[in-house]
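Trainee: Let's go through this structure together. I'll ask, you answer.

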Amino acid sequence: MFFTKLNKIAVTALALTSLLSVGAQAQTLTGAGATFPAPLYQKWFQQYKAKTGDEINYQAIGSGGGIKAVTAKSVDFGASDAPMNDTELKNAPGIIHIPTVAGAVVVAYNIPGIGPGIHLTQDVIADIFLGKITKWDDARITKLSPGTKFPSTSIAPFHRSDGSGTTNIFTTFLSQVSGDWKDQVGAGKSVKWTKGLGGKGNPGVAALIKQTEGGIGYIELAYAVQNVIPYAAVRNSKGNFIYPSVASTTAAAEGATLASDFRTVITNTKAAQGYPITGFTFLLVYRDSKPELKKFLEWALTDGQSQADDLLYAKLPASVQKRALAAVATLK
Amino acid sequence: MTTTPINAPAASPASPKKLVFPKASFSILYGDRIYAAITFLASLSIFGIIVWLAVQLSQASGASIHKFGWSYITQSNWDETKDIYGILPYIFGTLYSSFLALLIAVPISIGSAVFLSELAPKWLRTPMTFLIELLAAIPSVVYGLWGIFVMLPWLKTHVMNPISHAHPHNKFALWLFDVFFSGNPYGPSMLAAGLILSIMVIPFITAVTRDILKAIPRSQREGSYALGATQWETISQVVFPYAKSGIVGAVMLGLGRALGETMAVTMLIGNQSPGTPTGISFSLFQPGYTMASALANKFTEAAQGINTSALAEIGLVLFFVTIVVNMAARLLVFYTAKDVAGGK
């Protein structure tokens, strides 16, 4: 009696599942990685689902976690703000990098009585974070922004305490422009800071800056805009002071020389109107990944790009977009 | 009327004088043994988990142990870009912040526990006990957020800034300032971490201490009063010595939480080793790093290989520090309890 009942249930369940799988052709893809582009990706996945029915689950566990997950093939794709290094690439043969959008890292500050847009040069930023410039009224700072009256407040430099792609972009830039920085600190997702304090995540650093008179730190452009924290215009390699914005980020991406596999950090751009502290964020996919993933990538690189501006991400410049699409076309 | 044993089969009337034992049921024969086996397995599982954890951690940190040896815990350089790892400042930060926490928490906790168990009127006792237990249940991230947005600004304007603007005159004060109050009063610091930890462990120590004091037999107190002792004398001469080992245990429970606390500390300690050559500073205004907060900060983005291995070794060292501290506490209880009659 009991068994027949159980049997019935099992049969119905089986029938139901087979019905379901035949009825809807929807596929599910999974991805994991960077937190920085996560808001944009979530929006993309929502719209893509509405359009095609394909569902994509994404977990923002951090770039490092994304690389580990895609290496272990526990997800269909990974996402990272920093390109994979050679060792990581060797552990995951067949992976290619697809840039999706670019982002800017801004130098945000809290100086009593001073609004956004002070001018900073590459070497001044490096020396502030090395602890060599300690007061806001230091001649090297004041002479860059004539007409602004700086107080003699002490400078409190803040950095990310957790490993992050944001730190990688910022320290890569400083290593390119300052020999001292390259020798003493170097570049990476997590480096050995000699001065200041560390905050966890963009919110941690932003809280430190907001609460400390004289504070300075680096955070993502979108985060600084949303939280109304003033940030500086930074001199680029062509000698122009560029205020970070979506447009100047795209311009920077245009002026960067990209490696054929896209594994380049595009800081210190040669573009005259490009903001120098910028980087691409990547999706990491295997050459033989599911066909649905290829379709999604094509959509993200074309229709998806128009979503970027609203969320303060810089869309890919036309030249990069073309190359990225060509790379996607090589997927199986 | 003959009395037959309960459960006895009715086979006795032929020879009533013969003793009749109840037929042993399955539960009588094996029940205790099964029960003992189950509880043994339960206790074994705890032991097994600890061993398994130690083995796993050692395996994961093998590469780092092999490469750095003892220099891992004696060096102060943690540099991912060069793949050199030493955690002396983290070990120091863990111990120092926990020490500060206990320094503040122990007197307050014991004081409030004594009040609650010995002195408080009944109408106050229940709500206060409830509040303390409530405090213990608040998640640590909430303490951290409260710390950032409420405690830090207050601490900065009312404690750190006045102290760092003071000008000490005599030699001792100068020395004191140099050792304990050097550095910029940014806010996040050893002081902030120690304070938040103390707030977090106070409810634990208070609740356990109160239970211990309540468990002391009434006769002990009555005997003391009968001999003419005052309330203070009773509490200090009779109640405390009786509860000594239990109170040490309560403090160790608090210390255990302080050593391993991660989220709130990460949010308030500044996550930066002090700029001294050893990465160690006793200054309360300097930022610091604890082992738990270093793990929380660095693990998600760690590179594969030696970096991940070095992080796993932090876990291993924290594991051993906790074991050593707990063993030290046991020894302390053992030796202090010996000279108190009925102390255990």
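**Strands and the chain contact**

Trainee: In strand 7 of chain A, what is the bridge partner of A:His159?

Mentor: Keep in mind that this is a predicted model. Three bridges join strand 6 of chain A to strand 7 of chain A, and the two run parallel. In strand 7 of chain A, A:His159 is matched with A:Gly198.

Trainee: Which residue in strand 8 of chain A stands opposite A:Phe158?

Mentor: Strand 6 of chain A also pairs with strand 8 of chain A, residues 215-220. That pairing is parallel, over three bridges. Opposite A:Phe158 stands A:Gly217.

Trainee: How many of the five residues of strand 6 of chain A are buried?

Mentor: Strand 6 of chain A covers residues 156-160. It is largely enclosed by the rest of the structure, because the number of its residues that are buried is five of the five.

Trainee: Which strands stand at the edges of the open sheet 5-9-10 of chain A?

Mentor: That sheet has three strands and mixed pairing. Strand 9 of chain A pairs with strand 10 of chain A in the antiparallel sense, over two bridges. Each edge strand has a single partner strand, so one side of each is left without a neighbour in the sheet. The edges are strand 5 and strand 10 of chain A.

Trainee: Which helix gives the largest share of the side of chain B that touches chain A?

Mentor: On that side, 25 residues of chain B are in contact with 31 residues of chain A. Several elements of chain B supply at least two residues each, including helix 11 and helix 12. The largest share is three residues, from helix 6 of chain B.

Key:
Residues are numbered from 1 along each chain as its sequence is written. Chains are lettered from A and ligands numbered from 1 in the order in which they are written. This is a predicted model: local features need pLDDT of at least 70, side-chain atom pairs count only at pLDDT 80 or more; totals for chains, interfaces and linings use all residues. A residue is buried if 20 or more other C-beta atoms lie within 10 Å of its own, exposed if 12 or fewer, and partly exposed in between; C-beta atoms are placed from the backbone. Helices (H or I, at least four residues) and strands (E, at least two) are DSSP runs, numbered from the N terminus. Two strands pair if DSSP finds at least two bridges between them. Two residues are in contact if their C-beta atoms, placed from the backbone, lie within 7 Å.
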